Amino acid sequence: MLMIRKILSTLFSIKNNEWERVLYFFLVLLVFFFGASFARSIGITLLVENLGGDKLPIAFICIDLAVMIGSIVYAHYTKRVSGIAILGFLLLSTTVFALGTQGLFIIGYHYPELFRWVYGFFFVGFFFFYILFSIHVNSVVASYFTAVQIKRVTGFINTGIPIGGVLGGSSLVILLNVFGLEPKILVWVLGGTCLCAFWLVRRIDTRVSPIRTSYPEYRSNKTPFQELSHAFKYILSSRLMIFMSLGLIVFVVGNKLLEYHYQVIVYPQIFPESTKRATFFATYEIFANLGWLFVQLFLTSRFINSLGVGASNLVYPALSATVALVLFSYFFWYPSQSSTADGFVMLGLAVVSQFINQEMRIAVRTPLNNLLFNAIPPNQWGTNRAFLNGIAYPLATYIAGTFLILISGMGTDSATLALLSYLLPLIVFITSVLGIIIALPQWSAYDAGVFGLLNRELFDRRLDINAANNSSNLKQVLQEKLNSTDYYQVVAALEMIRLLRLNFFANQVGNLLLQTKTFAIKEHCLNTLAALPQSPINISYLTEALETEKNPDVLPLILRNLANFKSTHLNTTVEKFLNHPVPAVFVSACLYLYKHPHYVPKKEIEKRLLARLMTSSSANLPLYLQALSELRQPHHSETILPFLDDDLLEVRVAAFIAYVHLLEGRLNPYKSRLIDALNSSSKEMKVTALRALKECQPLEDWTPVIRLLGARDRVIVNESKELLRLNLYACRNALISQVFSGTLTVQQRFEILSLIYPKLNELQRRHLQEIADTALKNFVQMNSLLNIHQAMPDSNKVHGLIAKVLQEIAESHLLTVITVITYTADQSVEFFQRVSRGLLSLSRANQGNALEVLSNAGEKYLVGRVLKYFEERLVDIEGFSHIYTLLFAESLDINASNYEAHLWKLEHDMLRACLLYLEKERTGSLKLEHSNRKICVLLTEKRPITQHYA
Amino acid sequence: MIPLEKIIVLNRVPLFSALKTEDLHMVSTIASEEAYADGHTLFYEGDIGDRLFIVVAGEVLILKNQDNSEKPLATLKENDFLGELSLFDAETRTATARCQGECVFLVIERNDMEQLAHEYPAIALGLIKALIRRMRAMISQK
């Protein structure tokens, strides 16, 4: 059994952990389609026999109408009920319908005239349930697999359809011809198989959990029509859905025309007798089903995996275009009704076109089209499928139907048929080319969609914002919020006005500034007024605020704002603040006056500031130093020098910043001081030094700057990067040698690569790939260690911490791999962030989406290995050993007996501290001989305990 | 307690579960060890909370005022913690906490935590992640 499973796993690329789900869904399809093949044959036979073939078009219209209405209701419930429950309901309903109809058939046996309508009812009813089941089952199957898994398993699962069909058809033939049973007493078979399928669905529900499903918070309370209109809006805002809808319409039109071509033009000419034609169809069905099974089992999943979902969707329209072109070419030279047409060639062409049109559609187009839903949030699947199948599909059918009715109206004489024999393929060729054209942007929309799904929150929020943009009462809403008593509402409104620069709110913001007592609101009002275009309105409010404001925290803000209005002459008013006791007010007044073009006694201001600086307490020194730097007088740099060595860090930082500002443009001689500042503990000092170094000559040693690429603060990282970018020619070799060193953090490597990746040669790029491969190896090893560690009893204090450290080390190795993939595949930072988040997420759906994005990225070697690892559900060390050997062709030398020795080999301070601590607990002695300072601090530094005893 | 022991204790508090070990190390620098005598009241119901207590040793009785008397609600032991959310807001304590026997705590003040989070945004992000995790768990329980 295990051997068979292994062979099947290799043959169909199905992992051990996926078999249970795959088999259940395969059986559901097999059982349902077994019964469906009974019902389909019985339905059409009884309808034609009892109501006449002329009722067929009416029956088809009824089915289309019923499906349309059913789709609306279905879309509604997909948001409220789980997919598996809907599937169960559909199967149960079909069972009740089949058994009920069987009862009516039995009653109708005695009253044939009275119960003739039952045959139409059964035909329409069966196809209604059949179509809804076919629409829905794909969503359910997809929800039990990740985006990457479904690509592999979909082929195998869908083979349940032809196998069920063949078995059902054969059984029916035997029951009818060998046992001589009447078709109308076999309707219960559909009920029985649906009941079996229902039982299987219940088993699935209890044994396995869905991976991708809509969250309860997304469940809506909309009416069915609102759901469909929401789906319509979604389709309009989603490129992928637009292309899917257009692709479906084009496909259906081409499909129907091609069907007409071989069914009405070619076959009747080759097989004028209906008996011979029926025999041919029966033979065709057997071989076609076998062909379909072969394609489904061995080809579909393979080319999906090698080409990707987006590209694979080009296959069907390309096939269709090719066959249409061949048909057109042949029939153009040898029209169907002419004596030159060769019957054998015509038959061959008709068989090929029917196989592509019918079998390849189900084996290739349908599963590939279903996979496009990977790029759509699961909570949108139901409504969007309902839209495609309930509206777009019938619309396309009507277009094709109308066209065919018009064609039929041209007559059935040989000249018309000869004309149609090449005209129809030409139209099909055009629609197929259109299909290819649509599939190209659909491909990029799919990739973008899967990428977007990695950030679902952003995705959903964007929809909300789009909805909000439609509202025209933004002004009214902001006015209401400005008058609100809720502080947060007011601040939100002010922020909105500031960001959108809504000038017509200037009066309201100005009045709020004068009236409010809350500092934070005043601050936001001032920031908003500053952001609005300068106007007399702004100045008048700011001037009035300056005259009336008493709060010393607000006054500097007003003065700073007014300083932007150079044309306003408020110097006399501002001069009064030069005597203000609060330093911040004094400084703001000084700066206002000093920078004002019409203020003359600037020297006086300088003197006053310097006097305050010399006599000030340490707490106010940073303020005065900053003010002095804003005067931009280089000779003051000498005054600042003593403060550079002050005891207080804040003073040192302010002095350094002021010093750099004052010497702007002539900093090169002071480069060493700037380089020293890169080691400061102050972020401001580092940033100022980095900015200042940009105007200096290139450095001799770039190590301090490269080190800052790994800083926790993004501003420092960006400034370091900018400095390196500006000096790329000078620092390139240093960056290249660093990127291949083993001591870099993930962040440092990522940032360095962003600077130099395009400059690396082939050899260096290969080396980088080797680094990534080693990182992947380390990642697997770390996870193996973690697996062994977690299997051990939690008997010591450091157990949890060691697990966390191992997890972090593993993560950093994985991030190194993703970094290299990002650059090799020419992807963006956003790609790196989303894929990392996805792979490190605990949700398997997110992991699956991340893997799907990775597989579309364009890098094959590393991605293939990452996929192999993540697709296995590794639970024990044997599993890790197996995947390690598979990936690296060497055995994994990690087991429970040597795992601690492996931990000791890892260069990680926290881990080493944990191990030393553990050893101390076991032996009673702490051995710190070979430990660095950090480890010693972790294990020895002890602060006194604060005792609160009475 | 040595820094590593503080990190071990902090690692067991769900609020800090999403923090990296380096961030836990940072938090350990603002966590002080405090000892209290038997019967000492850490805080009363209605007090404004601004400290997180993690029980390192001893037991703490949680009491609720009902009909002018204190009714015991629970007893907290080693590795339990009190006032987790006081690190974020200044809401009042919902119960009284009293030491039962001699107790040792690891204490974190809101102001220190705010400053640390301001300096190292990754820590703030880690705390937000832990809170969101808890919020999701609460939503799915409803």
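The following dialogue introduces a predicted model of two protein chains and the interface between them.

Colleague: How many helices and strands does chain A have?

Modeller: In this predicted model, the secondary structure of chain A consists of 44 helices and one strand. Chain A has 950 residues, and 51% of them count as buried. Among contacts in chain A with a separation of 6 or more, 73% come from residues 24 or more positions apart.

Colleague: Which elements does chain B contain, and in what order do they run from the N terminus?

Modeller: Chain B holds four helices and six strands. Read from the N terminus, the order is α-α-β-β-β-β-β-β-α-α. Of the 142 residues in chain B, buried residues make up 48%. For contacts between residues of chain B at least 6 apart in sequence, 74% join residues at least 24 apart.

Colleague: I should now like to turn to the interface. What is the area buried between chain A and chain B?

Modeller: The general idea is that the size of an interface is often expressed as the accessible area lost when the parts come together. Here the area buried between chain A and chain B is about 2700 Å², and carbon and sulfur atoms give 53% of that area. In terms of residues, 27 of chain A are in contact with 35 of chain B.

Colleague: How many salt bridges and how many residue pairs in polar contact are counted between chain A and chain B?

Modeller: Three salt bridges are counted between the chains. One of them can be located by name: Lys20(B) pairs with Glu811(A), and their closest N and O atoms are 2.8 Å apart. The count of residue pairs in polar contact between chain A and chain B is ten, with both residues at pLDDT 80 or more.

Colleague: Which elements of chain A each supply at least two residues of the side that touches chain B?

Modeller: There are helix H37 (799–824), helix H43 (909–923), helix H44 (933–940) and strand E1 (946–948) of chain A. The largest share, six residues, comes from H37(A). By residue class, the side of chain A that touches chain B divides into twelve nonpolar, five polar and ten charged residues.

Colleague: With which strand of chain B does E1(A) pair, and is the sense parallel or antiparallel?

Modeller: The partner is strand E1 of chain B, residues 32–36, and the two pair in the parallel sense over three bridges. To find the place in the structure, begin at Thr946(A), whose bridge partner in E1(B) is Glu34(B).

Colleague: Which strand of chain B pairs with E1(B) over five bridges?

Modeller: That strand is E6(B), and the sense is antiparallel. Within this pairing, Ser32(B) stands opposite Val107(B). E1(B) therefore pairs with E1(A) in the parallel sense and with E6(B) in the antiparallel sense, if two strands are taken to pair when at least two bridges are found between them.

Colleague: Which other strands of chain B pair with E6(B)?

Modeller: Strand E2 of chain B, residues 41–43, pairs with E6(B) in the antiparallel sense over two bridges. Thr41(B) there stands opposite Arg98(B). Strand E3 of chain B, residues 51–66, also pairs with E6(B) in the antiparallel sense, over eleven bridges. In that pairing, Val55(B) stands opposite Phe105(B).

Colleague: Is E6(B) mostly covered or mostly uncovered?

Modeller: As a general idea, side chains in a regular strand alternate between the two faces of the sheet. In this structure, E6(B) spans residues 96–109 and is mostly covered, with ten of its 14 residues buried.

Key: Residues are numbered from 1 along each chain as its sequence is written. Chains are lettered from A and ligands numbered from 1 in the order in which they are written. This is a predicted model: local features need pLDDT of at least 70, side-chain atom pairs count only at pLDDT 80 or more; totals for chains, interfaces and linings use all residues. Side-chain values use heavy atoms; hydrogens and water are left out. Contact means heavy atoms within 4.5 Å. Buried area is the accessible area (1.4 Å probe) that two parts lose on being put together, summed over both. A salt bridge is a side-chain nitrogen of Lys or Arg within 4 Å of a carboxyl oxygen of Asp or Glu. A polar contact is a pair of N or O atoms within 3.5 Å; within protein, one must be able to donate a hydrogen and the other to accept it, and residues adjacent in sequence count only if both atoms are side-chain atoms. Ala, Val, Leu, Ile, Met, Phe, Trp, Tyr, Cys and Pro count as nonpolar, Asp, Glu, Lys and Arg as charged, and the others, Gly among them, as polar. Buried means under 20% relative accessible area, exposed over 50%, partly exposed in between (1.4 Å probe, protein chains only).
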